[in-house]
Amino acid sequence: MKRHLIFQSSLQAETPCIPEETLMRISDTEFNLLRKLVYERFGINLTEAKKSLVVSRLQKTIRSLGMRSFKQYYDYLMADTTGSALDTLINRISTNHTFFYRESNHFEFFRSRVLPEMSSRIRTMGCRDLRIWCAGCSSGEEAYTLIIEMKEFFGSEYDLWDAGLLATDISTNALQKAVTGEYTEDNVAHLPAYARRYFKKISDDRYRVSDELKREITFRRFNLMTPVFPFRKPFHVIFCRNVMIYFDQMTRSELIRKFYQCLVPEGYLFIGHSESLGREQTLFQYIMPAVYRKKQKE
Ligand SMILES: C[S@@+](CC[C@H](N)C(=O)[O-])C[C@H]1O[C@@H](n2cnc3c(N)ncnc32)[C@H](O)[C@@H]1O
């Protein structure tokens with residue numbers, strides 16, 4: 001998979017908080033235009049409750065472009081043919097919160113049950129090709145956690161496997177951080193001792209992921225709204241956690257259908273603990289909270 005898969009500080013003390021009145025105003029019409037655009041392009045459902053968040057996340061960008069209104073900004077987005085204006089928009093709008101070993105029982109299950117089961121199945125088929133996809137990987141913590149667990153599970157056999165990880169996200173800023181693989185002391189503070197070995201201290205407060213891990217992950221920009229997923233081979237496991245919470249039911253159902261299509265039979269799908277596939281879906285079997293397995297066709 002590795003190769004073949006697919007592809008101001010000095011002012012701070014004295015500077016008062018920015019007064020509320022300096023927040024830019026957004027009209028209902030402007031908000032609805034942006035909301036529709038973000039929904040159509042990225043699937044993110046900006047509810048009415050997100051209005052002030054949209055203003056606070058975008059006003060700096062708008063001002064730095066010398067613009068005075070959200071309508072001006074919207075017209076600029078629509079006129080841009082390079083895609084870079086939309087990239088900036090999604091970098092600002094997406095929520096990239098994540099951390100190492102988030103919802104850690106998933107990683108225990110992955111290592112103690114999914115990896116043994118999948119690897120023995122693959123072996124009996126006479127190959128050693130294990131494909132994992134971390135969809136909505138944000139700044140990389142989830143993907144690095146997965147690869148650590150894979151390395152720990154396979155041990156010295158790891159190199160005999162064509163095992164690796166595709167990690168994708170829509171945010172180029174988050175991906176840039178993931179590729180750089182540098183994290184703060186706080187970020188790595190709660191790593192289990194065995195995982196710490198994969199990090200090197202590079203300054204007082206910074207740690208860098210070892211090259212040994214980095215080379216096993218292919219980080220790519222990928223929009224989950226892509227109508228037909230382009231993967232040549234199906235995945236054995238997909239992690240898409242805490243991403244669908246930003247989507248509405250229709251978008252989620254469509255995404256679940258696409259995940260189904262690009263999983264091997266009985267392949268695993270991990271979603272976030274606050275998410276669910278819904279009772280009515282018939283494509284996946286419930287295994288444990290936020291873990292599902294692709295059903296065999298009846
Ligand atoms: C809250 S983070 C989740 C990170 C990680 N999976 C975790 O559980 O800790 C959600 C991620 O989904 C990404 N995302 C949102 N919409 C997306 C889309 N249409 N395509 C791909 N990624 C998307 C965001 O950029 C963000 O990094």
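**Exercise 1.** Sort the shell residues around the ligand into nonpolar, polar and charged.

*Solution.* Begin with the classes: Ala, Val, Leu, Ile, Met, Phe, Trp, Tyr, Cys and Pro are nonpolar, Asp, Glu, Lys and Arg are charged, and the others, Gly among them, are polar. The shell then divides into eight nonpolar, 10 polar and four charged residues.

A word on the source: this is a predicted model, where local features need pLDDT of at least 70 and side-chain atom pairs pLDDT 80 or more, while totals for chains, interfaces and linings use all residues. Numbering runs from 1 along each chain as its sequence is written, and side-chain values use heavy atoms, leaving out hydrogens and water.

**Exercise 2.** Find which polar contacts (pairs of N or O atoms within 3.5 Å) hold the side chains of threonine 98 and aspartate 169 and the backbone of arginine 241 to the ligand.

*Solution.* Take the ligand oxygens: one is 2.6 Å from a side-chain N or O atom of threonine 98, and a polar side-chain atom of aspartate 169 is also 2.6 Å from a ligand oxygen. Next, a ligand nitrogen lies 2.9 Å from a polar backbone atom of arginine 241.

**Exercise 3.** Find what arginine 241 pairs with in a salt bridge (Lys or Arg side-chain nitrogen within 4 Å of an Asp or Glu carboxyl oxygen).

*Solution.* The partner is glutamate 103, with the closest N and O atoms 3.7 Å apart. Arginine 241 lies in the loop between β7 and α11 and glutamate 103 in the loop between α4 and α5, so the pair ties together parts 138 residues apart in sequence. Helices (H or I, at least four residues) and strands (E, at least two) are DSSP runs, numbered from the N terminus.

Note on methods: Polar contact = N/O pair within 3.5 Å; in protein donor to acceptor, adjacent residues only side chain to side chain.
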